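This report describes selected elements of a predicted model. It treats helix packing, an open sheet and several loop residues in turn.

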Amino acid sequence: MKKIQAKLQVFSGAMMVPIILFVLVGFYVAIGASLTQYVVPKGNLVYDVIKSITGLGFMFMNNLQIWFAVGIAFTLAKKEKGWAAFSGIVLYLSVLSVIQTYSELQGFTEATTSVESLIASGYAPDAAANFNALWGKSLGYFGYNMGIFSGILTGLMSSWIHNKFVDTKLNSTFSFFEGTKFVIIMTTLLAVPFGIALYYIWPFIGNLLQSLTIFIANSGIFGTFLFGTLDKMLLPFGIHHLIAFPIEYSKLGGSMLIDGVTYEGVRNIIIAQAASPAETGYIVHNFTTGRILFQLAGLPGAAFAMYKAAKPENKKKVASLLIPAVLTLAFVGISEPIEYTFLFVAPLLYFFLYAPMCGLMYVLAELGQVQINGHALFFMIPNLFQPHKVHAMSLLWLLPLTFILYYLTFEFAIKKFHLKTPGTETNGEIKLMSKKEYQKRKEQASQDALEIRIVEALGGKQNIENIGCCATRLRVEVKDMSLVAEDSAWKDYLEAMGVVRSSNTIQIIYGVKVGSILTQVKDALGIDG
């Protein structure tokens, strides 16, 4: 199970690669469409430029599958990552071509799979509609409508092919074709059986996804609560993206016809609604607005309870830790820094109290009919350009209620169960240090730069098998976990907020600065990509 968890963590991290494009989509489409519809008149250079930016956002959104194919192939490759990304594109397009050709040979084309044609050939209306829903076009190729799953599957397959054949050696006569070039050859050859296999396997997967979509749509607030709770429960294991992304960017999150175009996934639907002049609001059953409650009010309430529970001599230090975390949370929605302040000292509080409360916030936002684009202050900026689409008056009472609920709950739990949240003990592993104390510890530990010390703490360059990151965590696969420094060393001397270990995989929580840290560590390791 630990090995499976480690693999899922790496895979979940790979799915985070296209996240920057998802952020850009929200701004490019929502703000661009708002300006061209309500502010900038048509027929001038400014309008044309903004319209082009909006189109760029739609291009990103309408081709999510290829970003997943490239991102997953790149991240899961153990070496020569640039070639792996290239093979991801090659395999994706090759599979589309194979499925289109093979489908035509079996008699299935865009014309023969239309609802009218299927009914004429003997299908019942419902069966015809369900079968027709399995088909679609991607980048001009007709085949199964697999959405982001086509990118995920081809990304996984191409990374496997790459890792399998990248070290292949050939006879000197054919040495030009060995290594990375042999990977591309095998990618194109294996695309044929892989595409044909998908042709036969996908209908079962597609029907299962349709059933899950129906369940999610019909489960109402129970499904909303289940999603919100599981999303938080899976966070410490680094695999919460596995349930969030399909809901947000595939048909699992539902579909909606907007301005003659069908959009799948709650985030894609909301973005399309932001771009449409005909829409007057956003979907309510969207599995996202609940985050507004616990990010803007719930976690600040929990933080205030931690501050109140701290010993008087520690309150100033606790505040110096929690205030920046709360501000980061409110402005950009990165909740992990403050969550990890109590996760590692009170895991029962996290899993059995905090996670279900977050699920409840999703339910309350839905019952309150909150309609808004974005769940953190920074990402809510597009709403300023289209305030008539925002329907969120219920937040005026939901936010104070959430703050009080989290504060009272955390205050009771901390006192009742004597939880060792920051500052509740005079001595111990959980303590806050001033900047002067931290610098002194840092100098005593090592005179080297942080990235050098991180490599040393991981057991040295030779012990590092693979390294990457998600939004807040450095993810490392090592050969020998016994060579990795203890958790206390990471927290006391290496600037980490926490550590999660699983089999031969370790996650070191650094917060939003993890991207720059990863770049520095790669430089120290001599890794180019």
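## Helix packing

In this predicted model, helix α4 (residues 64-76) packs against helix α8 (residues 148-165) at an angle of about 25 degrees, and their axes are 7 Å apart. Angles under 35 degrees count as roughly parallel, and α4 and α8 are therefore roughly parallel to each other. The crossing in which α4 passes α8 is right-handed. On the α4 side, the contact is made by L64, Q65, F68, A69, I72, A73 and L76. On the α8 side, the residues are I148, S150, G151, I152, T154, G155, L156, S158, S159 and N163. By class, the residues of this contact of α4 with α8 comprise nine nonpolar, eight polar and no charged.

A second helix pair is formed by α2 (residues 19-39) and α3 (residues 45-62), which pack at an angle of about 145 degrees with their axes 8 Å apart. The crossing of α2 and α3 is left-handed. From α2, the residues L21, V25, Y28, V29, G32, A33, L35 and T36 take part in the contact. They meet Y47, I50, K51, I53, T54, L56, G57, F58, F60 and M61 of α3. The contact of α2 with α3 divides into 13 nonpolar, four polar and one charged residues.

The two packings are set side by side below.

| Helix pair | Angle | Axis separation | Crossing |
|---|---|---|---|
| α4 and α8 | about 25 degrees | 7 Å | right-handed |
| α2 and α3 | about 145 degrees | 8 Å | left-handed |

## The open sheet

In what order do the four strands of the open sheet lie? The order is β5-β6-β8-β7, and the pairing is antiparallel. Strands β5 (464-469) and β7 are the edge strands, each pairing on one side only. On average, neighbouring strands of this sheet are turned by 15 degrees against each other, direction ignored. Strands of a sheet pair through backbone hydrogen bonds, either parallel or antiparallel.

The pairings can be followed across the sheet from β5. Strands β5 and β6 run antiparallel and are joined by five bridges. Within this pairing, G468 has R475 of β6 as its bridge partner, while I467 has V476 of β6. The connection from β5 to β6 is a hairpin through three residues.

Strand β6 (residues 473-478) is in turn joined to β8 by five bridges, and these two strands run antiparallel. Here R475 stands opposite Q507 in β8. R475 thus appears in both pairings, as the bridge partner of G468 and as the residue opposite Q507.

On the other side of the sheet order, five bridges join β7 (residues 498-502) to β8, again with antiparallel strands. The bridge partner of G498 in β8 is I509. Strands β7 and β8 form a hairpin with two residues between them, and S503 in the turn has a positive phi of about 55 degrees.

Strand β8 (residues 505-509) is mostly covered, with five of its five residues buried. In a regular strand the side chains alternate between the two faces of the sheet. In β8, T505, Q507 and I509 point one way, whereas I506 and I508 point the other way, and all are buried.

## Loop residues

Most residues other than glycine have a negative phi, and most peptide bonds are trans. D259 has a positive phi, near 55 degrees. This residue lies in the loop between β3 (255-258) and β4 (261-264). Because its relative accessibility is 52%, D259 counts as exposed, the cut-off being over 50%.

F287 likewise has a positive phi, near 60 degrees. Its loop is the one between α12 (266-275) and α13 (290-309). Is F287 buried or exposed? F287 has a relative accessible area of 4% and is therefore buried, the limit being under 20%.

G253 is placed in the loop between α11 (241-249) and β3. With a relative accessibility of 14%, G253 counts as buried. Not counting residues up to four places away in sequence, G253 touches P246, I247, G265 and V266. G253 and Q371 are 118 residues apart in sequence, and their C-alpha atoms are 16 Å apart in space.

Methods. Residues numbered from 1 in each chain as written. Predicted model: local features only at pLDDT ≥ 70, side-chain atom pairs only at ≥ 80, totals over all residues. Heavy atoms only, no water. Axes fitted to C-alpha atoms, helices over the stretch in contact; angles between N-to-C directions. Parallel < 35°, antiparallel > 145°, perpendicular 65-115°, else oblique. Left-handed = near helix turned anticlockwise from the far one by under 90°. Contact = heavy atoms within 4.5 Å. Nonpolar A, V, L, I, M, F, W, Y, C, P; charged D, E, K, R; others polar. Buried < 20%, exposed > 50% of the residue type's maximum accessible area, 1.4 Å probe, protein only. Pairing = 2+ DSSP bridges.
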